[in-house]
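Please look over the sequence and the model shown here before reading on. The report that comes after them is meant to be read with both at hand.

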Amino acid sequence: MSVNLTSGMLFNIAPSAKTGLIDELAFYMNVHLPNYKINTFNRVTNFLAQAAHESDGFRVMEEYASGSAYEGRQDLGNVFKGDGVRYKGRGIFQLTGRANYKDIGKRLSVPLEQEPKLASSAKFAVPIACEFWVSRNLNLLADKNDLIGITKRI
């Protein structure tokens, strides 16, 4: 099944979304979701629910907090001074922590660890979220419509 999301559909989910951002997100979702088999009703709607929640209704691509709360978090791979702020949540799933930036960047062949702000652009935020989604086997939970299970993994 192909995915054919429109800006209007995303606005129905998140009426306060930023217009320019929502246009870009719809475009990149149509490009990338099918490649990750996020292509059934349950998979797409669960993906969109998580993305809308994490991005504050498709309004932000970088978390509001400074990221200092993540400083020294070994579980996130933040081992150097300044990593918390440098690798704070970005994108539609709010990718967080040096280890996640490194892992997802490697999977996509994008230098996220070296250039973490790339994760804030729709061009990279959508494939990052897709890669994160499949790396956590979230299609299986989406098939069961297990919103709580998906939320816990994200």
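The sections below go from the nonpolar core to a pair of packed helices and then to single residues.

## The model and its core

The structure is a predicted model, and every value in this report was computed from it. A good place to begin is the largest nonpolar core, which has 43 residues, and within which Leu25, Met29, Leu33, Phe47, Phe58 and Ile92 touch the most other members. Two or more residues of this core come from each of the helices α2 (19-32), α3 (41-54), α5 (98-108), α6 (122-135) and α7 (138-143), and the helix that gives the most is α6, with nine residues.

Met29 shows how one member of the core meets parts of the chain that are distant in sequence. When its neighbours within four places in sequence are left aside, Met29 is in contact with Leu5, Leu10, Pro34, Phe47, Leu48, Phe58, Ile92 and Val126. Phe47, Phe58 and Ile92, which appear among these partners, are also among the core residues that touch the most other members.

## How α3 and α6 pack

Helices α3 and α6 pack against each other at an angle of about 115°, and their axes are 12 Å apart. The crossing in which α3 passes α6 is right-handed. On the α3 side the contact is made by Arg43, Asn46, Phe47 and Gln50, while α6 contributes Ala129, Cys130 and Trp133. Sorted by class, the residues of this contact are four nonpolar, two polar and one charged.

## Trp133 and His32

Trp133, which is placed in helix α6, has a relative accessible area of 0% and therefore counts as buried, since that term covers values under 20%. Apart from neighbours within four places in sequence, Trp133 is in contact with Ile38, Arg43, Asn46, Phe47, Gln50, Phe93, Leu138, Asn139, Ala142, Ile150 and Ile154. With one of these residues, Asn139, the side chain of Trp133 also forms a polar contact of 2.8 Å between side chains. Another partner, Ile150, lies 17 residues away along the chain, and the C-alpha atoms of Trp133 and Ile150 are separated by 9.0 Å.

His32 is placed in helix α2, and its relative accessibility of 17% means that this residue also counts as buried. Leaving aside neighbours within four places in sequence, the residues in contact with His32 are Lys123, Val126, Pro127 and Cys130.

## Two buried residues in loops

Arg90 is found in the loop between α4 and α5, and, with a relative accessible area of 4%, this charged residue is buried. Which side chains does Arg90 join through polar contacts? One such contact, of 3.3 Å, joins Arg90 to the side chain of Glu62, and another, of 3.1 Å, joins Arg90 to the side chain of Tyr101. Beyond its neighbours within four places in sequence, Arg90 is in contact with Met61, Glu62, Val85, Leu95, Tyr101, Pro116, Lys117, Ala119 and Ser120. Arg90 and Val60 are 30 residues apart in sequence, and from C-alpha to C-alpha they are 8.5 Å apart in space.

Asn78 belongs to the loop between α3 and α4 (83-86), where it is buried at a relative accessible area of 1%. Its side chain reaches the backbone oxygen of Tyr70 at 3.0 Å. If residues up to four places away in sequence are not counted, Asn78 touches Tyr70, Gly72, Arg73, Asp83, Gly84, Tyr87, Gly97 and Arg98.

## Positive phi angles outside glycine

Gln94 has a positive phi, near 55°, although this residue is not a glycine. Gln94 lies in the loop between α4 and α5, and its relative accessible area of 11% means that it is buried.

Asn145 is likewise a residue other than glycine with a positive phi, here of about 55°, and its place is in the loop between α7 and α8 (147-153). Is Asn145 buried or partly exposed? Its relative accessible area is 46%, so Asn145 counts as partly exposed.

Key. Residues numbered from 1 in each chain as written. Predicted model: local features only at pLDDT ≥ 70, side-chain atom pairs only at ≥ 80, totals over all residues. Heavy atoms only, no water. Core = buried A, V, L, I, M, F, W, Y, C linked by side-chain atoms within 4.5 Å. Buried < 20%, exposed > 50% of the residue type's maximum accessible area, 1.4 Å probe, protein only. Helix = DSSP H or I, 4+ residues; strand = E, 2+ residues; numbered from the N terminus. Contact = heavy atoms within 4.5 Å. Axes fitted to C-alpha atoms, helices over the stretch in contact; angles between N-to-C directions. Left-handed = near helix turned anticlockwise from the far one by under 90°. Polar contact = N/O pair within 3.5 Å; in protein donor to acceptor, adjacent residues only side chain to side chain.
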